[in-house]
Amino acid sequence: EEYSTNDLYADTVLFGDMIIEGIQDYGYLGTGNIVSDNNLTTDKAHNYISDVKDRTPSKIFLLVGLNDLNYGTRSGTDVAESFEAKSSVKIKQSDINDANKKLAEDATTMGAVFVDIADSFKDGSGYLNTKYSTGGYNLNHNYYPFFLNKLAGAAK
């Protein structure tokens with residue numbers, strides 16, 4: 001079943017980094033649904049809260065944290081919990097896994113739903129499959145419908 005139609009996302013905002021921006025750049029959803037910054041970090045996210053709120057969405061999908069790990073300013077625990085910078089940390093798959101695990105554990109207590117899309121894109125070694133990605137973290141444009149379907153399926 002196809003979930004990546006504009007109608008399904010009419011009252012939804014997708015908020016995040018370069019992966020979210022790709023949804024708009026490749027024409028899957030319009031500017032009304034997207035609030036993004038290619039270099040979005042958890043520190044910068046608060047600058048966009050009013051943009052998200054002003055659109056009065058009934059659903060918000062948030063994708064943030066990858067740049068924190070990539071720039072080495074946060075560990076997996078820091079992204080999910082304390083927001084204390086760790087300048088010595090560089091992006092590692094284990095940090096991404098730790099952050100996702102912590103967010104999944106905390107989501108229900110925060111009144112949120114954690115959608116794990118990462119496992120769908122991983123190869124046998126636990127890393128993002130190069131068939132689906134560029135640079136190991138950006139999605140190839142033809143996999144955005146699959147990404148949107150995963151989100152929509154979880155939101156049903």
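**Notebook: strand β1 and threonine 56**

I began with the pairing of strand β1 in this predicted model, and I found that β1 and strand β3 (residues 59–63) run parallel and are joined by five bridges. To see one of these contacts by residue, I looked up valine 13, and its bridge partner in β3 is isoleucine 60.

I then turned to strand β2 (residues 34–36), which also runs parallel to β1 and is joined to it by three bridges. Here I noted that glycine 16 stands opposite serine 36 of β2. Following the chain from β1 to β2, I passed through helix α1 (residues 18–25), and I recorded this β-α-β crossover as right-handed.

Next I asked myself: is strand β1 enclosed or open? Five of the five residues of β1 (residues 12–16) are buried, so I wrote the strand down as largely enclosed by the rest of the structure. I checked the two faces separately, and both are covered, with Thr12, Leu14 and Gly16 buried on one side and Val13 and Phe15 buried on the other.

My last entry concerns threonine 56, which I located in the loop between α3 (49–54) and β3. I reminded myself that most residues other than glycine have a negative phi. Threonine 56 is not a glycine, and yet I read a positive phi of about 40° for it. Is threonine 56 buried or exposed? Its relative accessible area is 65%, and because the cut-off for exposed is over 50%, I entered threonine 56 as exposed.

Technical notes
Residues numbered from 1 in each chain as written. Predicted model: local features only at pLDDT ≥ 70, side-chain atom pairs only at ≥ 80, totals over all residues. Heavy atoms only, no water. Buried < 20%, exposed > 50% of the residue type's maximum accessible area, 1.4 Å probe, protein only. Helix = DSSP H or I, 4+ residues; strand = E, 2+ residues; numbered from the N terminus. Pairing = 2+ DSSP bridges. Right-handed = clockwise from strand over helix to strand, strands pointing away.
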